[in-house]
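Let's take a walk through this one together, starting at a single residue and working outwards. Have the sequence and the 3D view open as you read.

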Amino acid sequence: MKVTVSRKAHFNAAHRLHRKDWTDEKNNAVFGKCNNANFHGHNYELTVSVSGAIDPETGYVIDIKDLADLILEEVEKPFDHKNLNLDVPEFFDLNPTAENIAVVIWNKIRKKIDMALDLEVILYETPRNFVSYRGA
Ligand SMILES: Nc1nc2c(c(=O)[nH]1)N=C([C@H](O)[C@H](O)COP(=O)(O)OP(=O)(O)OP(=O)(O)O)CN2
Ligand SMILES: [Zn+2]
């Protein structure tokens, strides 16, 4: 029996969709207003879900306090009120699309939780645009 435990989090960050190996013309043609050289921002809403068996002693799949602390350390502290392109090393050479941000977050959290647990990340970039990732 698998049960899913979820924790929501929030971070505010600036970004620019841009490839350093493309010309300005190509970046503008592909990414449009999201390629604005002066960046733009989003209020990202994150849901991290962990699925697995309930521990018969604690009644937990995972202690939500532990999950909250993990999200704080791995996502909120390094991403909140940052410029993803300029401040966050994972995006120095990786375009900070919602897809790539979700995969980066998944990889960071995956390393810190029991491999017996399944992990899913859902990231809202805007109230209408969101992506999800559950591993390859
Ligand atoms: N597949 C993706 N497409 C787009 C991404 C992305 O991460 N993955 N990102 C963007 C831009 O970051 C852009 O800032 C998104 O904002 P916008 O197009 O303004 O989206 P809104 O929901 O605010 O606007 P609508 O009113 O819904 O058009 C673009 N594409
Ligand atoms: Zn954007």
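**Starting from a histidine**

His-40 counts as exposed, because just 12 C-beta neighbours fall inside 10 Å, and 12 or fewer is what it takes to be called exposed. Keep in mind throughout that you're looking at a predicted model. If you want to find His-40 on the chain, look in strand β2.

Why begin there? His-40 turns up in a UniProt annotation: the unreviewed entry gives "binding site" at His-15, His-40 and His-42. These positions are spread over 28 residues of sequence, yet they cluster in space, with a largest C-alpha distance of 8.1 Å.

Now move over to His-15, which sits in strand β1. Is His-15 buried or exposed? It's buried, because 24 C-beta neighbours lie inside 10 Å, and the bar for that is 20 or more. Setting aside residues within four places in sequence, His-15 is in contact with Phe-39, Leu-84, Asn-85 and Pro-96.

The two strands you've just visited are partners. Strand β1 (residues 3-15) and strand β2 (residues 40-52) run antiparallel, joined by 13 bridges. For a pair to look for on screen, try Val-5, which stands opposite Val-50 in β2. Strand β2 also pairs with β4, again in the antiparallel sense, over seven bridges. There, Ser-51 stands opposite Asp-118 in β4.

Follow β4 (118-124) to its end and you come to the loop that leads on to β5 (130-133), and this loop holds Glu-125. That residue belongs to another UniProt feature: the unreviewed entry lists Cys-34, His-81 and Glu-125 under "active site". Glu-125 is buried, since 20 other C-beta atoms lie within 10 Å, and 20 is enough to qualify. What does Glu-125 touch, not counting residues up to four places away in sequence? The answer is His-42, Tyr-44, Ala-98 and Phe-130. You've met His-42 already, as one of the residues in the "binding site" annotation.

His-81, also on the "active site" list, is in a loop as well, the one between α2 (64-79) and β3 (82-83). Its surroundings are sparser by count: His-81 is classed as exposed because it has 11 C-beta neighbours inside 10 Å.

Next, find ligand 1. Which residues surround ligand 1? They are Leu-17, Cys-34, His-40, Thr-97, Ala-98, Glu-99, Glu-125, Thr-126, Arg-128 and Asn-129. Several names from earlier come back here, including His-40 and Glu-125. By residue type, the shell around ligand 1 splits into three nonpolar, four polar and three charged.

Finally, zoom out to the whole chain. The protein has four helices and five strands, which follow one another along the sequence as β-α-β-α-β-α-α-β-β. Its C-alpha atoms fill a box of roughly 60 × 25 × 25 Å along the principal axes. Of the 136 residues in the protein, 21% are buried, and both His-15 and Glu-125 belong to that group. As for how the chain folds back on itself, take the contacts between residues at least 6 apart in sequence: 68% of these join residues at least 24 apart.

Methods. Residues numbered from 1 in each chain as written. Chains lettered and ligands numbered in written order. Predicted model: local features only at pLDDT ≥ 70, side-chain atom pairs only at ≥ 80, totals over all residues. UniProt positions renumbered as here; feature names shortened; annotations may be inferred. Helix = DSSP H or I, 4+ residues; strand = E, 2+ residues; numbered from the N terminus. Contact = placed C-beta atoms within 7 Å. Pairing = 2+ DSSP bridges. Near = placed C-beta within 6 Å. Nonpolar A, V, L, I, M, F, W, Y, C, P; charged D, E, K, R; others polar.
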